[in-house]
Amino acid sequence: MVEDYAKLKSDAQQAHRNGQLDVAMAGYARYLAQVPGDGGVWSNLGVLHRKAGRHLMALRAHQRALALDPGGTSTMNNAANVMSDIGQYAESLALRRQILAQTPDDLGQLQMVVRCLRGQGDYAAAIRFATDALARFPDDAELRMQLAFALLGYGDYAQGLENYKARWRAGELKPRDLPFPEWQGQSLSGKVIAVLPEQGFGDAVLFARFLSVLRGHDCRVVMAVKSPLRRLFANLPGVDAVIDGLRSDTKVDYWVNMMDLAALYFQQSAAVPAPTVLSVPDDARARAQGLVAPFTDKLKVGVVWTGSVTYRGNGFRSFSHRDFLPLTDIPGVQVFSLYKGPELKAYYADGSDGFILDTGSTERDFADTAAMMQACDLVITSDTATAHIAGSLGVPVWCILHWDAFWVYTHHGASTPWYPQMRLFRQHRPLDWSGVMADVTDALQTLSEAKA
């Protein structure tokens, strides 16, 4: 029987290596039913649950692994990873420091110590640790990225964005491959420069304010954006043309990353500039007014509960549409869904569309979304592109944040200098939306009563 157990374990490990995760998980479970004292297999099982997004199941498995193999480097590392994921930063840090005591040059642990300190909102400690580590490993891109995020959260935007240039070496972004050169400060007189957003829609809206850096350079500015943003960006100040994308025959002399314009701006000024001016076409306004027309006597609230499901961290920053249902019980309030995407399937399946009216699914683009925001009295959103659009429009907006918020919102406070009219609501503890949603419900109840 011992040989059978050994084969069962070996087969499960091989399936794990081959990416057959369901087969591996079933094999580990069968093996552990017979050999429950194998800490390494408990750790492997935790790794599989984490990969599947079942972080609490992963934690449960890793706790068993730690109890059986408390000093194992791999066991500690795997447990620390899921602890970092779910905001148990103190526990993760303790394990990582144990590993570093044994292997002080473990780059992965050095990077994650900075990540955990930043996740705790202790930016100063994160900056100190990252700076010390980079003195030993100056070429490590991930360490520099973690330093960048700590600096940005701390409010040192100049140094933060300078360090953030390491993003092209960190493996998450594909380097540009264009037939014209990147702008490195050369004279732009009489030239055409293309400004390129590089990540999500929200980042493009957030950083569009830095196009002002190119004013006075006697150049023509074109901006390449994805089609959902094109109408919204149609009249960006300082932009001569908005195009869908760059081709090899596009008449361009130079290109520049939009975020690098921000780095240039903060070299000259520490003040956060006002958001850019967005365009809301008349036909989009007419559409929005028609949708809200039956509710002129109501406090109209547009909501979004999730961002792009393809974003790696979306599961932590987003919540359920059902969390908004208590808002629909407040007298004098009508809630509208501004969300467009695959999560509407669950929203329709449970009948929530009867209470939270769907206006998002028929939107053509973000210009329609913006018009609906302007037709509402308030926008309440998760940390996604709609927060940046509402913030840039200057409409009243409440942004609901998870425990480890984007650096624009930092880890503390109810406001951000990046969007002065925005009110921030924060999770009370990781993975729990009930407390912050109760805060939002109470605040909307108070607003509704004041309006009445």
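Contact here means heavy atoms within 4.5 Å. With that in place, helix α19, residues 434-451, lies across five strands: β5, β6, β8, β9 and β10. The model is predicted. Its parts described below are an open sheet of 6 strands, an open sheet of 4 strands, several helices, and two loop residues with positive phi, D218 and T410.

**The sheet of 6 strands**

- The strand order in this open sheet is β7-β6-β5-β8-β9-β10, and the pairing is parallel.
- β7 (356-358) and β10 (422-426) are at the edges; each has a single partner strand, so one side of each has no neighbour in the sheet.
- On average, and ignoring direction, neighbouring strands of this sheet are turned by 25° against each other.
- Within the sheet, β5 (residues 299-304) pairs with β8 (residues 378-382) in the parallel sense, over 4 bridges.
- V303 has I380 in β8 as its bridge partner.
- Of the strands that α19 lies across, β6 covers 333-337 and β9 covers 397-401.
- The helix α19 runs at about 165° to β9.

**The sheet of 4 strands**

- This sheet is also open, with parallel pairing and the order β3-β2-β1-β4.
- Its edge strands, β3 (241-243) and β4 (254-257), each pair on one side only.
- Neighbouring strands here are turned by 25° against each other on average, with direction ignored.
- Strand β2 (residues 220-224) runs parallel to β3, and 3 bridges join the two.
- Opposite A224 stands I243 in β3.
- Helix α13 (residues 258-268) lies across β1 (192-196), β2 and β4.
- The angle at which α13 runs to β4 is about 75°.

**Helix α4**

- Helix α4 takes in residues 55-68, which makes 14 residues.
- At 1.5 Å a residue α4 should span 20 Å, and its end C-alpha atoms are 20 Å apart, so the two values agree.
- The residues H55, A58, L59, A61, H62, A65 and L66 of α4 are buried.
- Viewed down the axis of α4, these buried residues fall within an arc of 165°, and therefore they line one face of the helix.
- The cover over the buried residues of α4 includes four helices: α3 (39-51), α5 (73-85), α6 (89-102) and α15 (314-317).

**Helices α2 and α3**

- Helix α2 (residues 21-34) packs with α3 at an angle of about 145°, and their axes are 10 Å apart.
- The crossing in which α2 passes α3 is left-handed.
- On the α2 side, the contact is made by L21, A24, M25, Y28, Y31 and L32.
- On the α3 side, the contact is made by V41, W42, N44, L45, L48, H49 and K51.
- The helix α3 thus appears twice in this briefing, as a partner of α2 and as part of the cover of α4.

**Two loop residues with positive phi**

- Most residues other than glycine have a negative phi.
- D218 has a phi near 55°, which is positive although the residue is not glycine.
- D218 sits in the loop between α11 (201-207) and β2.
- With a relative accessible area of 55%, D218 is exposed, because exposed means over 50%.
- T410 has a phi near 50°, again a positive value in a residue other than glycine.
- The place of T410 is the loop between β9 and β10.

Methods: Residues are numbered from 1 along each chain as its sequence is written. This is a predicted model: local features need pLDDT of at least 70, side-chain atom pairs count only at pLDDT 80 or more; totals for chains, interfaces and linings use all residues. Side-chain values use heavy atoms; hydrogens and water are left out. Two strands pair if DSSP finds at least two bridges between them. Axes are lines fitted to C-alpha atoms, for helices over the stretch in contact, and angles run from 0 to 180 degrees between N-to-C directions. The expected span of a helix is 1.5 Å times one less than its number of residues. Buried means under 20% relative accessible area, exposed over 50%, partly exposed in between (1.4 Å probe, protein chains only). The arc is that of the directions from the helix axis to the C-beta atoms. A crossing is left-handed if the near helix is turned anticlockwise from the far one by less than a right angle, and right-handed if clockwise.
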